[in-house]
Amino acid sequence: MDPGPPEDGSETRPDSDSAARHDTVAAVVRQWRAVHPGLDTGPMEVIGRINRCAALLQQAEDAPLRRAGLSRPEFDLLGALRRTGHELTPGELARETFSSGAAVTKRLKQLTERGLVERRGDTRDRRVAHLRLTDAGRDLVDGILPEQLAYESAVLSVLASEGQGELAGLLAELLGRLEGRMGALRA
């Protein structure tokens, strides 16, 4: 039973166990346990929370990006061109941003029309395009990145810095193992 707020009216930060018992996934887990009491719902508690967090972050959209007229996937393409520091082909951009070729093609068309990306044909193979940021594209990425990082820091401020570091480490471990396992399964 939740004891409620302290009687003196002061606010306390809930510990992670208390917060976890009151999230949406906890309610779903309780419902499944009532229907199937013998099932291990542990995986649901992790994967369900990762999926729910991802959905909420996507719903919130990225305010600085939205103000600049960019979607997250468009910014990811621009960011890949900026951080790699050299021209990329559409296929390389798809790999860098974990996107499909069709999605990259559609986004590149829009970014090119806005004057943020320019395309250069390959001198040896006319089927190959090389893409790079225009000065306007580079200025946009460099101008918005600090604001975007500040926004993301504000979103994560609900966790103490130690908790953020621990979460980043755990997610990195999970991601590294999943990428290795999925890569092995595809081979």
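Visitor: Why is threonine 97 called buried?

Guide: This is a predicted model, and in it threonine 97 has a relative accessible area of 12%. Buried means under 20%, so threonine 97 makes the cut at 12%.

Visitor: Where does threonine 97 lie, and which residues is it in contact with, leaving aside neighbours within four places in sequence?

Guide: Threonine 97 lies in helix α6, which covers residues 90-97. With those neighbours set aside, its contacts are Asp76, Leu77, Ala80 and Val104.

Visitor: What makes the pairing of threonine 97 and serine 99 a polar contact?

Guide: Their side chains come to 3.1 Å. The cut-off is a pair of N or O atoms within 3.5 Å, so 3.1 Å qualifies.

Visitor: Asp76 turned up among those contacts. Why is aspartate 76 said to form a salt bridge with arginine 72?

Guide: The N to O distance between their side chains is 3.7 Å. A salt bridge needs the nitrogen within 4 Å of the carboxyl oxygen, so this pair counts at 3.7 Å.

Visitor: How are aspartate 76 and arginine 72 placed in helix α5?

Guide: They're 4 residues apart in that helix (residues 72-84), so about one helical turn separates them.

Visitor: And what makes aspartate 76 partly exposed?

Guide: Its relative accessibility is 29%. Partly exposed sits between the 20% and 50% limits, so 29% puts aspartate 76 there. Arginine 72 is partly exposed too, with a relative accessible area of 29%.

Visitor: Which residues do salt bridges with shared partners join into one network?

Guide: Asp23, Arg33, Glu45 and Arg49. Take arginine 49 and aspartate 23: their closest N and O atoms are 2.5 Å apart, and since the limit is 4 Å, that's a salt bridge.

Visitor: Why do you say that arginine 49 and aspartate 23 tie parts together?

Guide: Arginine 49 lies in helix α3 (residues 42-60), while aspartate 23 is in the loop between α1 and α2, so the bridge links parts 26 residues apart in sequence.

Visitor: What about arginine 33 and glutamate 45?

Guide: That's another salt bridge, with the closest N and O atoms 2.9 Å apart. Arginine 33 is in helix α2 and glutamate 45 in helix α3, so the pair ties together parts 12 residues apart in sequence.

Visitor: Is arginine 33 buried, partly exposed or exposed?

Guide: Partly exposed, with a relative accessible area of 41%. Exposed would take over 50%, so arginine 33 falls short of that label at 41%.

Visitor: How many salt bridges does the count come to?

Guide: By this rule, 14.

Key:
Residues are numbered from 1 along each chain as its sequence is written. This is a predicted model: local features need pLDDT of at least 70, side-chain atom pairs count only at pLDDT 80 or more; totals for chains, interfaces and linings use all residues. Side-chain values use heavy atoms; hydrogens and water are left out. Helices (H or I, at least four residues) and strands (E, at least two) are DSSP runs, numbered from the N terminus. Buried means under 20% relative accessible area, exposed over 50%, partly exposed in between (1.4 Å probe, protein chains only). A polar contact is a pair of N or O atoms within 3.5 Å; within protein, one must be able to donate a hydrogen and the other to accept it, and residues adjacent in sequence count only if both atoms are side-chain atoms. Contact means heavy atoms within 4.5 Å.
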